[in-house]
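Trainee: I'm new to this one. Can you walk me through it?
Mentor: Sure, let's put it on screen.

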Amino acid sequence: MRGVDFALFMERYGYKILLAIGALVVLAIFGTFVAGILAMMKIYGVIIGAIILVGAAFYAFTVTRRSSQAYADAMSKYFYDPKQGRRP
């Protein structure tokens, strides 16, 4: 009885398995997010849940972005070479 060569197995099924694992990870992330939203709306009601959700989205798109930009600006002072790409 011959065994299946691992390289042949990966060639035939490897990418399909990796695609399935990747899809499951993405679905788990979005599923957790959707389950959290539904649980929040069940606890607080639809109107209050929507207000909290809009507030969290507003915070994420304003405050988090500003702090990330400030961190990037601080790091660029130390790790940016203004002479890069120019001839000496």
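Mentor: We'll go through the helices, then a pair of rings, then some contacts.

Trainee: Anything I should know before we start?
Mentor: This is a predicted model, where local features need pLDDT of at least 70, side-chain atom pairs count only at pLDDT 80 or more, and totals for chains, interfaces and linings use all residues. Residues are numbered from 1 along each chain as its sequence is written, and side-chain values use heavy atoms, with hydrogens and water left out.

Trainee: How many helices and strands are there?
Mentor: Two helices and zero strands. Both kinds are DSSP runs, numbered from the N terminus: helices are H or I with at least four residues, strands are E with at least two.

Trainee: What share of the chain is buried?
Mentor: Of its 88 residues, 6%. Buried means under 20% relative accessible area, exposed means over 50%, and partly exposed lies in between, with a 1.4 Å probe and protein chains only.

Trainee: And how much surface does the chain expose?
Mentor: About 8500 Å², with carbon and sulfur atoms supplying 70% of it. Such areas come from the Shrake-Rupley method with a 1.4 Å probe; for residues, only the protein chains shown count as cover.

Trainee: Tell me about α1. How far does α1 reach?
Mentor: α1 has 39 residues and spans 53 Å from first C-alpha to last, close to the 57 Å expected. The expected span is 1.5 Å times one less than the number of residues.

Trainee: Where is the kink in α1?
Mentor: The kink is centred on Y13 and comes to about 55°. That bend is the angle between axes fitted to the seven residues ending there and the seven starting there.

Trainee: Which residues of α1 are buried?
Mentor: G14, I37 and M40. Their cover includes α2, residues 46-79.

Trainee: What comes just after α1?
Mentor: G45, with a positive phi of about 95°.

Trainee: Now α2. Where does α2 bend?
Mentor: At A60, by about 30°. α2 has 34 residues and reaches 47 Å end to end, C-alpha to C-alpha, close to the 50 Å expected.

Trainee: New topic. How many aromatic pairs are there?
Mentor: One. F9 and Y13 form it, with ring centres 5.4 Å apart and 50° between the planes, which makes it tilted. Rings of Phe, Tyr and Trp (its six-membered ring) pair if their centres lie within 6.5 Å; planes under 30 degrees apart are stacked, over 60 edge-to-face, and the rest tilted.

Trainee: Where do F9 and Y13 sit?
Mentor: Both lie in α1 (residues 6-44), four residues apart, about one turn of the helix. F9 is partly exposed at 32% relative accessible area, and Y13 is partly exposed at 36%.

Trainee: What does F9 touch?
Mentor: V4, G14 and I17, leaving out residues up to four places away in sequence. Contact means heavy atoms within 4.5 Å.

Trainee: Last one. What does I52 touch?
Mentor: I52 touches M40 and Y44, again not counting residues up to four places away in sequence. I52 lies in α2 and is partly exposed at 35%. I52 and I37 are 15 residues apart in sequence and 9.8 Å apart in space, C-alpha to C-alpha.
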